[in-house]
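Work through the exercises below with the structure open beside you. Try each task before reading its solution.

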Amino acid sequence: MATIQMFFTYFTLISAFMLPAFGDLSPDFYDEVCPEALPTIKLMVQQAIALEPRMGASLVRLHFHDCFVNGCDGSILLDDTPTFTGEKTAGPNNNSARGFDVIDQIKAAVNEACVGNVVSCADILAVAARDSVVALGGSYYNVLLGRRDATTASVDAANANIPSPSLDLPDLLSNFESHGLGVEDLVVLSGAHTLGFSRCVVFRNRIYNDTTCIDGDFAASLQAVCPTSGEDNNLAPLDDSPASFDTAYYQDLVGGRGLLHSDQQLFRGDGSSTDELVREYGDNPDTFWADFGGAMIKMGNISPLTGCDGEIRKNCRFVNGD
């Protein structure tokens, strides 16, 4: 047993030196040091989604919420410590963000497949998001790799940077621009809401008080699920096909059936540039899939830690040594 542990430690150290120390992210970052890394992530994601199709949306969302808070650095995965309060209890994540156990399982499987700790949690989030999209019917896109993991997290930064579902269009644009993303990125990345569900507490104001382009029958059907008070955790799908990566989300927006206020703000029927993009993606799935992949790559390049910055966590929930 001691011999096996010594080999594991030795291989981990050698692998760390084999990894490129500096440079941009690359789709083939792990090809030499661990060719089994990406196939292992893909298999684990497929198994998780087979057990619970909703998990695909949850894994995509983890990557989004990670990247919007100090960059794509895996900080969303960190548990609280005596020295910092992490992002899991921030308003946009508390009782909402999920899939942490699946990421733990993926990390353990990847460490075993690689015979060492060479794949970052931040990269696992990025690849798991892509593999979730593909598993639920979307198109494949290359994920750039080589991120390292943060050694801290911030509940305040999460509250300040993750866009709220109550935002109007100007504030949504401002939020995305602050992360180096433009109007097209806003509209196409919001298309990830073609997957998954939202809680009553999040969309209650939309169905009772919102005057922005809302279909009456749609609102009434949701009011049966989400009363004016109580039942906060009742779920409703974000579009008509919550386990299929399609363009129903955009078609729903055109019909005034956006579940979230922030979603419906993308189509207000006033001829704005976002209106045009919503119609374009609703009518052209191939265009949506291609643009979505490009925007995910762009988002995944928000302030990554590379080279000697950060670390590669052995356990995604804890900084090494804790």
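This is a predicted model.

**Exercise 1.** Find which exposed residues lie on the face of helix H13 turned away from its buried side.

*Solution.* The face of H13 that is turned away from the buried side carries the exposed residues Glu276 and Asp283. Now take the other side: Thr274, Asp275, Leu277, Val278, Tyr281 and Gly282 are buried in H13, which spans residues 273-283. Around the axis these buried residues cover an arc of only 165°, so they lie on the same side of H13. As a general point, an α-helix has 3.6 residues a turn, so residues three or four places apart point the same way. Last, look for the partners: the buried residues of H13 pack against helices H7 (169-178), H8 (183-190), H11 (248-254) and H14 (285-299).

**Exercise 2.** Determine how H8 and H14 are oriented to each other.

*Solution.* Start with the angle, which is about 110° for the packing of H8 and H14, with the axes 9 Å apart. Angles of 65 to 115 degrees count as roughly perpendicular, and therefore H8 and H14 are roughly perpendicular to each other. The crossing of H8 past H14 is left-handed. On the H8 side, the contact is made by Asp185, Val188 and Leu189. The H14 residues in the contact include Phe288, Phe292 and Met299. By type, the contact of H8 with H14 has seven nonpolar, no polar and three charged residues.

**Exercise 3.** Describe how helix H4 packs with helix H5.

*Solution.* H4 (residues 100-113) and H5 (residues 121-135) pack at about 110°, with axes 11 Å apart. That angle makes H4 roughly perpendicular to H5. H4 passes H5 in a right-handed crossing.

Key:
Residues are numbered from 1 along each chain as its sequence is written. This is a predicted model: local features need pLDDT of at least 70, side-chain atom pairs count only at pLDDT 80 or more; totals for chains, interfaces and linings use all residues. Side-chain values use heavy atoms; hydrogens and water are left out. Axes are lines fitted to C-alpha atoms, for helices over the stretch in contact, and angles run from 0 to 180 degrees between N-to-C directions. Helices (H or I, at least four residues) and strands (E, at least two) are DSSP runs, numbered from the N terminus. Angles under 35 degrees count as roughly parallel, over 145 as roughly antiparallel, 65 to 115 as roughly perpendicular and the rest as oblique. A crossing is left-handed if the near helix is turned anticlockwise from the far one by less than a right angle, and right-handed if clockwise. Buried means under 20% relative accessible area, exposed over 50%, partly exposed in between (1.4 Å probe, protein chains only). The arc is that of the directions from the helix axis to the C-beta atoms. Contact means heavy atoms within 4.5 Å. Ala, Val, Leu, Ile, Met, Phe, Trp, Tyr, Cys and Pro count as nonpolar, Asp, Glu, Lys and Arg as charged, and the others, Gly among them, as polar.
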